[in-house]
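This report is written for someone opening this structure without earlier acquaintance. Please keep the sequence and the model side by side while reading.

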2 protein chains.
Amino acid sequence: MARLQPNILVVEDDRETRTLIAKYLRNNSCNVTIASDGREMFRAMTDHRVDLIILDVMLPGEDGLSLCRTVRAQSHTPIIMLTARGEDVDRILGLEMGADDYLAKPFNPRELLARINAVLRRQAIAGTASANDGATALTFLRWRIDFRLRELRNPEGARVAMTSAEFDLLWTFCERPGRVLSRESLLDLTQGRNAGSFERSIDVLVSRIRRKIEPDQQEPTLIKTVRSGGYMFTPRVDAVGAGN
Amino acid sequence: MARLQPNILVVEDDRETRTLIAKYLRNNSCNVTIASDGREMFRAMTDHRVDLIILDVMLPGEDGLSLCRTVRAQSHTPIIMLTARGEDVDRILGLEMGADDYLAKPFNPRELLARINAVLRRQAIAGTASANDGATALTFLRWRIDFRLRELRNPEGARVAMTSAEFDLLWTFCERPGRVLSRESLLDLTQGRNAGSFERSIDVLVSRIRRKIEPDQQEPTLIKTVRSGGYMFTPRVDAVGAGN
DNA sequence: GCGATCTGTTATATTCTGTTACTAAAGCCG
DNA sequence: CGGCTTTAGTAACAGAATATAACAGATCGC
């Protein structure tokens with residue numbers, strides 16, 4: 001769903017932080033470009049396609065907030081802002097700045113990755129609404145999960161009520177079919193939360209989802225348990241265009 | 001999308017307020033012209049292109065309401081009116097005056113900026129959508145919401161009574177379909193946070209709107225709840241288009 | 001002013017969600 | 001095959017978030 005190797009532009013003046021972020025993202029299948037100020041940022045943006053910008057609030061010269069507005073005025077490239085703690089979050093995310101998400105320093109790089117994924121995913125959805133290809137829904141075994149509408153329909157076409165958390169988890173599974181996902185990474189992906197050591201919340205959620213979608217309660221066929229590994233969503237998943 | 005440096009014309013007789021607004025807007029990438037009464041306003045308008053007018057209701061000589069009507073009759077330049085509390089909002093925004101938005105004094109300048117952006121964006125969309133004046137209405141699932149008339153019609157074409165606050169909120173939703181809006185930003189967008197209202201008030205309003213527009217009271221399909229996130233307006237696919 | 005309407009607040013009911021605890025199942029080892 | 005250990009499934013619970021009825025102050029239209 002999300003681009004396989006998204007181009008991330010990291011705009012951050014502190015060399016150490018910058019390198020750290022870049023390294024981490026590169027280790028996690030992102031193409032990373034770095035810039036230390038607004039000028040370099042714009043150069044990079046005209047240079048090649050940028051899928052997402054990570055933008056520090058504090059920058060020499062024109063500051064991040066101002067840059068954010070400017071970028072926003074010209075393009076729809078999503079922006080995640082790195083803020084200091086206690087920054088006025090509403091304004092950053094609100095109409096005025098229009099950033100897509102933010103992260104307060106100091107942050108956990110995994111958390112950043114989770115946010116990036118979330119934003120890109122949203123972007124993919126939003127993009128289809130107006131313009132181009134991308135899918136807004138996935139189907140598996142004649143079930144259909146629509147991210148934009150946040151609804152799940154069974155093979156008969158009836159809506160199946162899902163709570164927010166259940167939906168998010170199922171969505172995450174659908175995006176990564178056929179891969180074993182650890183509880184930890186599932187927690188990360190759905191909530192950007194660092195897993196507290198032994199939490200069984202994923203187990204419980206899986207159980208609740210299974211009750212709603214598994215044809216045979218005794219023998220799960222959709223979400224398989226991988227002992228001491230996590231869970232795996234097994235059915236073949238097809239992308240479906242806008243929900244018409 | 002939005003003009004990079006929109007030309008804003010501020011019409012306000014109180015020098016202090018006027019200067020404050022101008023200063024703030026200039027700091028936020030706007031070109032600002034000021035006028036202290038109707039005469040100066042018209043002079044400015046013939047002088048150069050004006051993208052948006054901020055117009056105080058109380059003015060010496062010909063008052064803001066009257067000026068608003070006049071401008072409206074001649075051009076499509078969007079207008080945001082500054083009103084005193086308790087002013088008749090429906091009338092100001094409605095057919096009679098035709099302002100595009102309003103803000104009750106005293107207001108937060110950041111909120112003003114947000115409104116400006118919103119109006120300009122709408123304008124941009126309306127402009128590109130097809131041709132002309134139109135685009136004062138949106139349709140979703142055969143419902144039709146008309147911003148100018150401030151009325152809502154159901155698929156059968158019957159008017160559905162909406163109170164001012166309900167309409168404002170629904171409008172806000174319609175402008176941002178498919179996005180999760182936090183209670184906080186909804187408050188900001190509808191009232192500018194001046195009024196110290198609690199976030200629960202959004203819940204109550206949503207509940208009231210749902211009662212009027214949701215086909216199934218048990219299972220909302222239009223305004224979805226995103227737990228600990230806010231609400232999301234999810235009209236089906238074709239839904240949002242210029243009301244032609 | 002007076003009744004009708006609107007709107008935010010409060011209180012209560014309902015729903016959701018993560019945790020805990022207990023049970024069942026799976027692996028391990030002799 | 002049994003015991004023993006580890007891991008998963010899920011009922012039950014408690015805290016959090018949401019839905020909505022009811023209330024009261026504000027506002028509107030006469």
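## Contacts with DNA strand D and a buried strand

In this predicted model, an N or O atom in the side chain of B:Tyr231 is placed 2.5 Å from a phosphate oxygen of DNA strand D. Two further residues of chain B are placed beside phosphate oxygens of this strand, and the table sets the three side by side.

| Residue | Part of the residue | Distance to a phosphate oxygen of DNA strand D |
|---|---|---|
| B:Tyr231 | side-chain N or O atom | 2.5 Å |
| B:Thr225 | side-chain N or O atom | 2.6 Å |
| B:Ser228 | backbone N or O atom | 2.8 Å |

Around DNA strand D there are 27 residues, and the closest of them are A:Arg200, A:Ser228, A:Tyr231, B:Thr225 and B:Tyr231. Of the atoms of DNA strand D that come within 4 Å of the protein, 66% belong to sugar and phosphate. Sorted by class, the surface near the strand holds 14 charged, seven polar and six nonpolar residues.

Which elements supply this surface? At least two residues each come from helix H8 (201-213) and strand E11 (223-226) of chain A, and likewise from helix H8 (200-213) and strand E11 (223-226) of chain B. The most is given by H8(B), which provides seven residues.

Another part of chain A deserves a separate look. Strand E3 of chain A, spanning residues 52-56, is mostly covered, since five of its five residues are buried. In a regular strand, side chains alternate between the two faces of the sheet. In E3(A) both faces are covered, with A:Leu52, A:Ile54 and A:Asp56 buried on one side, and A:Ile53 and A:Leu55 buried on the other.

E3(A) has pairing partners in chain A. Strand E1 (residues 7-11) pairs with E3(A) in the parallel sense over four bridges, and within this pairing A:Val11 has A:Leu55 as its bridge partner. Strand E4 (residues 79-83) also runs parallel to E3(A) and is joined to it by four bridges, with A:Leu82 of E4(A) standing opposite A:Asp56.

A:Asp56, which is found in strand E3 of chain A, is listed by UniProt, in an unreviewed entry, for "modified residue: 4-aspartylphosphate". Why does A:Asp56 count as buried? Its relative accessible area is 3%, and buried means under 20%. Leaving aside neighbours within four places in sequence, A:Asp56 is in contact with A:Val11, A:Glu12, A:Asp13, A:Gly64, A:Met81, A:Leu82 and A:Lys105.

Methods
Residues are numbered from 1 along each chain as its sequence is written. Chains are lettered from A and ligands numbered from 1 in the order in which they are written. This is a predicted model: local features need pLDDT of at least 70, side-chain atom pairs count only at pLDDT 80 or more; totals for chains, interfaces and linings use all residues. Side-chain values use heavy atoms; hydrogens and water are left out. A residue is near a molecule or strand if one of its heavy atoms lies within 4 Å of it. A polar contact is a pair of N or O atoms within 3.5 Å; within protein, one must be able to donate a hydrogen and the other to accept it, and residues adjacent in sequence count only if both atoms are side-chain atoms. Ala, Val, Leu, Ile, Met, Phe, Trp, Tyr, Cys and Pro count as nonpolar, Asp, Glu, Lys and Arg as charged, and the others, Gly among them, as polar. Buried means under 20% relative accessible area, exposed over 50%, partly exposed in between (1.4 Å probe, protein chains only). Two strands pair if DSSP finds at least two bridges between them. UniProt positions are given in the numbering used here, feature names are shortened, and annotations may be inferred rather than shown by experiment. Contact means heavy atoms within 4.5 Å.
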